[in-house]
Amino acid sequence: MRQPLSFATQSFIAAIIVAAGAGFWFAREPVAAAVSSLFSGGGQEKAGGRNGGRRNARNAAVPVVTARVGRGRNDLAFAGIGTARALRHVTLYPAVSGEILKVYTRAGDRVAAGAKLIELDVRQATLAVEMAQSKLEGAKRMLSRADRLRRQNVQSQAKVQDAETLADQAEVDLKVARVALNEHTITAPFAGIVGIANIDVGDRVTTTTELVTLDDRSKLTVQFDVPEQYLPRLRRGMSIEVRTPGFADRTFAGILSGIDSRVHPTRRTVVVRAEVDNADDLLRPGMSFAVDMQLPGTPYPQIPDLALQFSQSGNFVWAVEDNKAKRVPVRIVRRDSNTVLVEGAIKPDELIVIEGV
């Protein structure tokens, strides 16, 4: 049976173990460096003692993946609903009251500017012209007689002036009668397509009676509302695209032709009009249109989304300057699928780190 060790022997062995552990603790870094040198080929030389190893590890170059800063704009795709109107459109009313004598056109007819559309009974207007013509001729005869008698010193100059006044008034009355006669014929103020007439031959109309509509459909104007925050992006001449349920498989091009001068105080929108070519005469006033428009924005640097870093102080990127990484704070303007528009102290074509930091 083995005898237990004495207390002195146990104390001696414990002291040896403590001394060995202390020696290993103070020599841990050189031992680690020797082991690292052994497995890495042992070709590097240690410099600077204990702190030199830490400094070299901290200053060693790190391989990274870089990319160039691109260019982008925060363009906005706007979609809205608008209503079409003819480029020029009018509802015709008679200038005088009377009876419909003749209707020259039918709905859908294309007419030229100045073409006759409707004619009222002109018998009374014709008689008024003839009466005014007769009065003018009589006034001219009286003026001629008064002038002849003045030259013979039979009448005064005042009588001649009175005759001249009557002649001038008769001439004005004749012009008024002729205008009234012309107003009995309703003509097209511009070239266009006639709508359905609201009257028939024999109807008696007044100055408040709607007669017929006339539309110039060579182009349509599509009117729609745009939120006020997009007003700074709007410019006349911008391109748009419109679609209508009547031609669901087609897209029609147009340009922005007008922007209202004020914002609606309750809707907070501005009225915008666009012209759409209708040379094929497929579209009609009153149609509803879905409007698509690209609103141009401000240019910004564009970076891959992998390059954007986050911290408590804000977003930043690592810019490469003299083969060194430089932290640059940025603000996100817009994030797309794989890229981000940012604002900060970086410019297009600069190198930034996207992987390996």
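Mentor: Let's start with a term: buried means under 20% relative accessible area, exposed means over 50%, and partly exposed is in between (1.4 Å probe, protein chains only). You're looking at a predicted model, where local features need pLDDT of at least 70, side-chain atom pairs count only at pLDDT 80 or more, and totals for chains, interfaces and linings use all residues. Residues are numbered from 1 along each chain as its sequence is written, and side-chain values use heavy atoms, with hydrogens and water left out.

Trainee: Where in the chain is confidence lowest?

Mentor: pLDDT is the predictor's confidence in each residue, from 0 to 100, and its mean over the chain is 81. Helices (H or I, at least four residues) and strands (E, at least two) are DSSP runs, numbered from the N terminus. Strand β13 tops the chain with 94, while the lowest mean, 44, belongs to helix α2.

Trainee: How many residues apart in sequence are the parts that Asp 349 and Arg 71 tie together?

Mentor: These two form a salt bridge, with their closest N and O atoms 3.4 Å apart; that term means a side-chain nitrogen of Lys or Arg within 4 Å of a carboxyl oxygen of Asp or Glu. Asp 349 sits in the loop between β19 and β20 and Arg 71 in strand β2, so the sequence separation is 278 residues.

Trainee: Does Arg 243 count as partly exposed or buried?

Mentor: Its side chain meets that of Asp 292 in a salt bridge (2.8 Å, N to O). Arg 243 has 34% relative accessibility, so it counts as partly exposed.
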